[in-house]
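User: Hey, I've got a structure open and I'd like to talk it through with you. Can we start with how you decide that strands belong together?

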Amino acid sequence: MDVEKNPVPGAGAAAESKDDTDSFTKVKSKKTQKRKREQDGVDMDTEDPVAIKRPQFPPISGEKLRGPDEMRKIAVPAHRYTPLKDNWMKIFTPIVENLQLQVRFNLKTRNVEIKTCKETQDIASLTKAADFVRAFVLGFQVEDALALIRLDELFLETFDVTDVKPLKGDHLSRAIGRVAGKGGKTKFTIENVTKTRIVLAETKVHILGSFQNIKMARTAICNLILGSPPSKVYGNIRVVASRTAERF
């Protein structure tokens, strides 16, 4: 007797589901992944930092750095000839004795020429001397300009009144008058509060000081040019100056 073998439908379904579970890959939840990353980060932070030593190089002597002698030329305008002649020894002495440079005034080209020589020790001395002479030519006193040689963190900044606001005629004159003040009172107040030196030469404004102090003085001068009353400008720069003093 032949017995028909009918396939059981339940068994086939079970086999298919088993194959599906084998091919299915379990995906971790985002919370689990985030928790694992945080734990890894904590483990990384707890590790001892590796101390990296800075390389120490001996200073290079001036003989190795010295190439051909360098020269800087500073043009002198006509209205500064007489002050330059009167203060020549005050300018000549620090450049030659302290910086070991050579300096002369060329009568034909009307330039102050500064040159390095064998006795020059520091290669930055030429730039310091050029800045010193340039500051005097712009109108600063010799004593104030001399600080550029003695201190490293002093700078010169120059800008035009018309760069702040395009003014003409009497409007320009009044703006310059607001910056100067009666008898130079406003200019002196800004100098004392910001510890800078300011020179007003026609429409040019020259500021000598440290970076932060120049920024304060420039802001005050720009506010005066734009029309702010001096009393308001005084208050603002005093507040900024007091904050800066507390910070340092």
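Analyst: Sure. Two strands count as paired if DSSP finds at least two bridges between them. One thing to keep in mind is that this is a predicted model.

User: OK, so how many bridges join β4 to β6?

Analyst: Six bridges join them, and the two strands run antiparallel. As an example of one bridge, Leu 156 is partnered with Leu 208 in β6.

User: What's packed on that sheet, and at what angle to β4?

Analyst: Helix α6, residues 125-138, packs there and touches β4, β5 and β6, with its direction at about 40° to that of β4. Helix α12, residues 211-225, also packs on the sheet and touches β4, β5 and β6. The direction of α12 makes about 155° with that of β6.

User: Back up a sec. What's the strand order in that sheet?

Analyst: The order is β4-β6-β5, an open sheet of three strands with antiparallel pairing. β4 (155-160) and β5 (197-201) are the edge strands, each pairing on one side only. From one strand to the next, the twist averages 15°.

User: I've been eyeing a histidine in there. Which strand is His 206 found in?

Analyst: His 206 is in strand β6, which covers residues 204-209.

User: Buried or exposed, that His 206?

Analyst: His 206 is buried, because its relative accessible area is 5% and the cut-off for buried is under 20%.

User: What does the side chain of His 206 make a polar contact with?

Analyst: The side chain of Thr 158, at 2.9 Å. Beyond sequence neighbours up to four places away, His 206 touches Leu 138, Phe 140, Glu 157, Thr 158, Arg 197, Ile 198, Val 199 and Ala 201.

User: Let's switch to α6. How far does α6 reach from its first C-alpha to its last?

Analyst: It reaches 20 Å with 14 residues, close to the 20 Å expected at 1.5 Å a residue.

User: Which residues in α6 are buried?

Analyst: Ser 125, Leu 126, Ala 129, Ala 130, Phe 132, Val 133, Ala 135, Phe 136 and Val 137 are buried in α6. As background for reading a list like that, an α-helix has 3.6 residues a turn, so residues three or four places apart point the same way.

User: And Lys 128, how does that one count for accessibility?

Analyst: Lys 128 sits in helix α6 and counts as partly exposed, because its relative accessibility is 21% and partly exposed lies between the cut-offs of 20% and 50%.

User: What does Lys 128 touch?

Analyst: Leaving out residues up to four places away in sequence, Lys 128 touches Leu 148, Ile 149 and Asp 152. Take Ile 149: Lys 128 and Ile 149 are 21 residues apart in sequence and 5.5 Å apart in space, C-alpha to C-alpha.

User: What follows α6?

Analyst: Gly 139, with a positive phi near 125°.

User: New topic. What about the sheet with β1 in it, what's the order there?

Analyst: That open sheet has three strands in the order β1-β3-β2, with antiparallel pairing. β1 (71-75) and β2 stand at the edges with a single partner strand each, so one side of each has no neighbour in the sheet. The twist averages 20° from one strand to the next.

User: How many bridges between β1 and β3?

Analyst: Five, in the antiparallel sense. In one of the pairs, Arg 72 has Ile 114 in β3 as its bridge partner. α6 packs on this sheet too, touching β1 and β3, and its direction makes about 5° with that of β1.

User: And how do β2 and β3 pair?

Analyst: β2 (residues 102-106) and β3 (residues 111-115) pair in the antiparallel sense over five bridges. Gln 102 stands opposite Lys 115 in β3. Their hairpin has four residues between the strands, and Arg 110 takes a positive phi near 60° in that hairpin.

User: Which helix lies across β2 and β3?

Analyst: Helix α5, residues 88-98, which runs at about 150° to β2.

User: Last one: how many helices and strands does the chain come to?

Analyst: There are 13 helices and six strands. Of the chain's 248 residues, 29% count as buried.

Conventions: Residues numbered from 1 in each chain as written. Predicted model: local features only at pLDDT ≥ 70, side-chain atom pairs only at ≥ 80, totals over all residues. Heavy atoms only, no water. Buried < 20%, exposed > 50% of the residue type's maximum accessible area, 1.4 Å probe, protein only. Polar contact = N/O pair within 3.5 Å; in protein donor to acceptor, adjacent residues only side chain to side chain. Contact = heavy atoms within 4.5 Å. Axes fitted to C-alpha atoms, helices over the stretch in contact; angles between N-to-C directions. Expected span 1.5 Å × (residues − 1).
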